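Here is a colleague's note for someone meeting this structure for the first time. Please keep the model open while reading.

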Amino acid sequence: MRSYFRTTGRLRLALVVLNYVIVMFYASVFLTATKTIVVQQRSAAFLDTLEHIPKNPLFVFFGCFGLYALFAALVLRHTPRAPFSFSSLAMEWGLAFVILFLLDFTTQSVVLLVICDGLFHVRDLKNSHLFAMLALAVLLYLGTNFSIMSPIVPLTDLHQYFLVFSPTVRALLLLLCSLIEGVNLLLFITFIACFTVNQYEEKESIAQELDMVNQVNEELRNYAALTEQIAQNNERKRIAREIHDTLGHALTGIAAGIDACLVMIDKKPEAVKPQLQRVRNVVTEGIGDVRNSLQKLRPGALEQQGLEGALKKMINEFISVSHVEITLCWQMPPIDFEKTKEDALFRMIQECITNSIRHGHANRIQVVVWHEESDPGHMRIVVKDNGAGCASIVPGYGLMQMQERIETIHGSLRFDGSNGFVCEARIPLQKGEWND
């Protein structure tokens, strides 16, 4: 980037110096030719060859000198670190137009310098400013063209002044004119080439950075999937240990007790009853252990605060770690859910919020739980986000688990991904939970 600004800055400075030479060269031609005409007393004959009275050559010379000094100061004031000012650029272009008008639009070299100066700041421009700049550049180029403007405003052709000099001087002047105009065009083309190459390199650099970001994102996704798989495996192992330590132990004791009963039933029938009593105690203890294991799989907030309190706690936890705006609208009368239903509803809402953040990249989620008076036998839950949505929904593991949970409590589930993502559940209320 530094080399680009260094190169284009030098090219722009060279264009400023060269255009000063071009402007003052043409102004000097006007002044020198006019003095030659006066000295040779050919003023009347010269004016007869012109359609309009030419401008005062002294005014043209000193006017170009002063205006170009102001123009150059505006151009060179623009540096890569200086803030861009569109009004300053417009003033710069206005000065360029006046300078070229004083020269009767003999040259358009200054227009090329103005275009280069605009492109020098193109990365600072918004699209609207860029289009405005290009439109002004086209207007400036057309408005300083001698062939277009000569029928509109009184202008004098420079070649009329060249005819004043001798053929040798005239040839040298035309050669010098072609040389400086050619060098100016070459510098302009070089500037455009540097600008184009830099734009291409920046696009390539951005593309490479995007590829790197995509690779990092892919690695993070793989890592997250691996972490989730490890967590699932650890949870499976923990549940397996729970079953082994509780249900397995109980079943083993039951099997041993029944075997003992089979042996004693013929030899000591009176001892079978106490043995069966011991087997029953083992079964009761095993049932208690299984219930304790299942309680560990149930969120503690549900036990302590009920469904509404557990949802608020979960939402606050999501907000604290994700900075996502999540709102809960609870419009339910006092109701006593059975634990299975309460757990299913909690897990369904939890899965919806997780999917909205992880897959939908949503930053606003709304959870509404309400009971309609028109449908007293049911409650409804809607989880809606402003995420990416999904045109065609293919249920994955999470949605299938959610569907299965709601079906176990005899509810229905509906998904809609046309505008964000919406998950709506309709849950029947049982006797003892809700009374009409």
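The points below go from the whole chain to single residues.

1. **Status of the model.** This is a predicted model. Please read each value below as computed from it.

2. **Overall make-up.** The protein has 13 helices and 5 strands. Of its 436 residues, 36% count as buried. The accessible surface comes to about 25,800 Å². Carbon and sulfur atoms account for 61% of that surface.

3. **Contacts along the chain.** Take the contacts between residues at least 6 apart in sequence. Of these, 73% join residues at least 24 apart.

4. **Cysteines.** How many disulfides are there? The count comes to 0. A disulfide here needs two cysteine sulfur atoms within 2.5 Å. Two cysteines show contrasting settings. Cys64 is buried, with a relative accessible area of 0%. Cys329 is partly exposed, at 26% relative accessibility.

5. **Aromatic pairs, and one between helices.** There are 9 aromatic pairs in the count. One of them joins Phe30 and Tyr161. Their ring centres are 4.7 Å apart and their planes stand at 85°, so the pair is edge-to-face. Phe30 belongs to helix α1 (residues 2-39) and Tyr161 to helix α8 (residues 158-162). The pair therefore ties together parts that are 131 residues apart in sequence. Phe30 is buried, with a relative accessible area of 5%. Tyr161 is buried too, with a relative accessible area of 3%.

6. **A pair within one helix.** Tyr68 and Phe71 have ring centres 5.4 Å apart and planes at 45°, so this pair is tilted. Both residues lie in helix α3 (residues 57-77). They are 3 residues apart, so about one helical turn separates them. Tyr68 counts as buried at 2% relative accessibility. Phe71 is buried as well, with a relative accessible area of 0%. The pair is also part of a wider group: ring pairs link Tyr20, Phe65, Tyr68 and Phe71 into a cluster.

7. **A charge over a ring.** Which ring has Lys55 over its face? The ring is that of Phe101. Lys55 lies 4.5 Å from the ring centre.

8. **Helix α5.** This helix has 12 residues. From its first C-alpha to its last it reaches 17 Å, close to the 16 Å expected at 1.5 Å a residue. Is α5 enclosed or exposed? Buried residues make up 11 of the 12, so α5 is largely enclosed by the rest of the structure. The buried residues include Val110, Val111, Leu112, Leu113 and Val114. Asp117 is also among them, as is Phe120.

9. **Two positions in helix α1.** Thr8 sits in helix α1. Thr8 is buried, with a relative accessible area of 0%. Leaving aside residues up to four places away in sequence, Thr8 touches Phe120, Phe191 and Cys194. Phe120 is one of the buried residues of α5, so the contact is worth a look on screen. Ser28 also lies in helix α1. Ser28 is partly exposed, with a relative accessible area of 27%. The C-alpha atoms of Ser28 and Pro57 are separated by 8.4 Å. Along the chain, these two residues are 29 apart.

10. **Backbone angles to check.** Most residues other than glycine have a negative phi. Two residues here are listed with positive values. Phe105 has a phi near 55°. Its place is the loop between α4 (86-102) and α5 (109-120). Phe105 counts as buried, at 2% relative accessibility. His410 has a phi of about 65°, and it is not a glycine. His410 lies in the loop between α13 (397-408) and β4 (412-416).

11. **Buried or exposed loop residues?** The two residues with positive phi fall on opposite sides of the cut-offs. Buried means under 20% relative accessible area, and exposed means over 50%. Phe105, at 2%, is therefore buried. His410, at 63%, is therefore exposed.

Key:
Residues numbered from 1 in each chain as written. Predicted model: local features only at pLDDT ≥ 70, side-chain atom pairs only at ≥ 80, totals over all residues. Heavy atoms only, no water. Helix = DSSP H or I, 4+ residues; strand = E, 2+ residues; numbered from the N terminus. Buried < 20%, exposed > 50% of the residue type's maximum accessible area, 1.4 Å probe, protein only. Contact = heavy atoms within 4.5 Å. Areas by Shrake-Rupley, 256 points an atom, 1.4 Å probe, with all protein chains shown as cover. Phe/Tyr/Trp six-rings, centres within 6.5 Å; stacked < 30°, edge-to-face > 60°. Lys NZ or Arg CZ within 6 Å of the ring centre and 35° of its normal. Expected span 1.5 Å × (residues − 1).
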